[in-house]
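Welcome! Grab a pencil and look over the sequence and the 3D view below before you try the exercises.

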Amino acid sequence: MKKVIKYFLLLIICTLTFIGNTKAADSCDYKTKANLNKLASQVMSSYEIKKEGNREYFEITINNIVSDLYLIVEPSSTTLKQGVELAPFEIYNSMTKNGTYTFKVTNTTDVINYNIRIRSTVEGCTHDVFAIIQLKPRKNKFYSMPDCKYEEVMDYLYCQEWVETEFALADTEVLKKIQNQRGAKKKTITTRCLECEAEVRNDAKRNKYKMIKLYIIVGLVIGIVLDIITIVILVIRVRRSEI
């Protein structure tokens with residue numbers, strides 16, 4: 001008998017739990033989900049590189065964190081395996097200043113990927129509403145090297161000051177690529193300059209030919225005019241002699 005009562009009580013508890021969960025699920029209706037999606041889609045993230053003395057750091061800002069939402073920030077990196085920089089943390093509206101939350105990252109040597117999961121504080125809506133990714137670049141050590149100070153390679157990936165990827169090549173291979181790029185650019189520029197010089201020479205020849213042609217035409221016109229004047233003078237003299 002006690003066993004039957006035990007199962008009966010267990011059945012009642014399970015039924016009440018199921019009803020409670022059903023009501024909670026029902027509370028997150030389509031209208032609520034649509035509103036949460038709208039709010040979550042307005043959450044924006046950006047970073048700014050700042051300087052404090054001689055040290056650079058990143059300031060990452062997340063905007064539009066309203067009271068119906070909270071964030072779970074999960075950092076990851078292919079070069080950092082553990083440490084404070086990779087510890088996940090949560091952000092609530094109460095922690096923001098008018099919906100804006102800013103945190104400082106002093107690491108400038110590694111690419112860190114911040115996966116920002118946007119969740120709801122509304123009862124019954126415990127799922128992830130939206131997610132955004134904020135990537136923090138790293139300082140490129142090749143940027144300050146002499147090989148990257150030439151104009152031909154300043155815009156080259158391996159010579160940019162901040163990069164959003166880890167180079168898969170060894171340092172010697174990267175330097176070789178930079179030198180090859182510089183050589184290729186110099187060759188292209190030289191070729192273009194030679195082509196420009198050839199074009200200038202051709203233009204000069206064409207202009208010279210046009211000027212010679214113009215001089216010939218002007219000379220012919222002047223000669224014809226002088227001939228006409230001479231003929232007119234001779235005719236006048238002949239008529240006067242006949243009189």
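Here are five exercises on this predicted model, each with a worked solution.

**Exercise 1. The four-stranded sheet**

Work out in which order the four strands of the open sheet lie, and which of them are the edge strands.

*Solution.*

Step 1. Start with a general idea: strands of a sheet pair through backbone hydrogen bonds, either parallel or antiparallel.

Step 2. Now trace the sheet from side to side. The order is β4-β3-β6-β7, and the pairing is antiparallel.

Step 3. Look for strands that pair on one side only: these are β4 (89–92) and β7 (128–136), the edge strands. From one strand to the next, the twist averages 25°.

Step 4. Go through the pairs. Strand β3 (residues 69–76) is joined to β4 over four bridges, and here Tyr70 has Tyr92 as its bridge partner. Eight bridges connect β3 with β6, where Val73 is partnered by Ile116. Another pairing over eight bridges links β6 and β7, with Arg117 standing opposite Ala131 of β7.

**Exercise 2. The three-stranded sheet**

Find the order of the strands in the open sheet of three strands, and say how many bridges join β1 to β2.

*Solution.*

Step 1. The strand order is β1-β2-β5, and the pairing is antiparallel.

Step 2. The edges are β1 (44–52) and β5, as each pairs on one side only. The twist averages 25° from one strand to the next.

Step 3. Count the links between β1 and β2: nine bridges join these antiparallel strands. To see the pairing up close, find Tyr47, which stands opposite Ile60 in β2.

**Exercise 3. A helix with two sides**

Decide which residues of α2 are buried, and explain why they line one face of the helix.

*Solution.*

Step 1. Place the helix. Helix α2 (residues 30–41) lies across β3, β6 (112–120) and β7, and runs at about 10° to β7.

Step 2. Check its length. With twelve residues, α2 reaches 16 Å from its first C-alpha to its last, close to the 16 Å expected at 1.5 Å a residue.

Step 3. Pick out the buried residues: Leu36, Leu39 and Ala40. Seen down the axis of α2, the buried residues fall within an arc of 95°, so they line one face of the helix.

Step 4. Connect this to a general rule: an α-helix has 3.6 residues a turn, so residues three or four places apart point the same way.

Step 5. Ask what each side meets. The buried residues of α2 pack against β3, β6 and β7, while Tyr30, Lys31 and Lys38 are exposed on the other side of the helix.

**Exercise 4. Two asparagines with positive phi**

Find out where Asn64 and Asn98 are located, and whether Asn98 is buried or exposed.

*Solution.*

Step 1. Recall the background: most residues other than glycine have a negative phi.

Step 2. Read the angles. Asn64 has a positive phi of about 65°, and Asn98 has a positive phi of about 55°. Neither Asn64 nor Asn98 is a glycine.

Step 3. Locate them. Asn64 is in the loop between β2 (55–63) and β3, and Asn98 is in the loop between β4 and β5 (101–105).

Step 4. Compare each area with the cut-offs: over 50% is exposed, and under 20% is buried. Asn64, with a relative accessible area of 38%, is partly exposed. Asn98 has a relative accessible area of 79%, so Asn98 is exposed.

**Exercise 5. Following the salt bridges**

Starting from Asp128, identify which residues are joined into one network by salt bridges that share partners.

*Solution.*

Step 1. Begin with the total: the count comes to ten salt bridges.

Step 2. Take the first partner. Arg117 and Asp128 meet through their side chains in a salt bridge (3.0 Å, N to O). Arg117 lies in strand β6 and Asp128 in strand β7, so the pair ties together parts that are eleven residues apart in sequence.

Step 3. Take another partner. The side chain of Asp128 also meets that of Arg119 in a salt bridge (2.2 Å, N to O).

Step 4. Check the surroundings. Arg117 is partly exposed at 22% relative accessibility, and Asp128 is partly exposed at 34%. Arg119 counts as buried at 15%.

Step 5. Complete the network: shared partners join Glu74, Arg117, Arg119 and Asp128.

How values were computed
Residues are numbered from 1 along each chain as its sequence is written. This is a predicted model: local features need pLDDT of at least 70, side-chain atom pairs count only at pLDDT 80 or more; totals for chains, interfaces and linings use all residues. Side-chain values use heavy atoms; hydrogens and water are left out. Two strands pair if DSSP finds at least two bridges between them. Axes are lines fitted to C-alpha atoms, for helices over the stretch in contact, and angles run from 0 to 180 degrees between N-to-C directions. Contact means heavy atoms within 4.5 Å. Buried means under 20% relative accessible area, exposed over 50%, partly exposed in between (1.4 Å probe, protein chains only). The expected span of a helix is 1.5 Å times one less than its number of residues. The arc is that of the directions from the helix axis to the C-beta atoms. A salt bridge is a side-chain nitrogen of Lys or Arg within 4 Å of a carboxyl oxygen of Asp or Glu.
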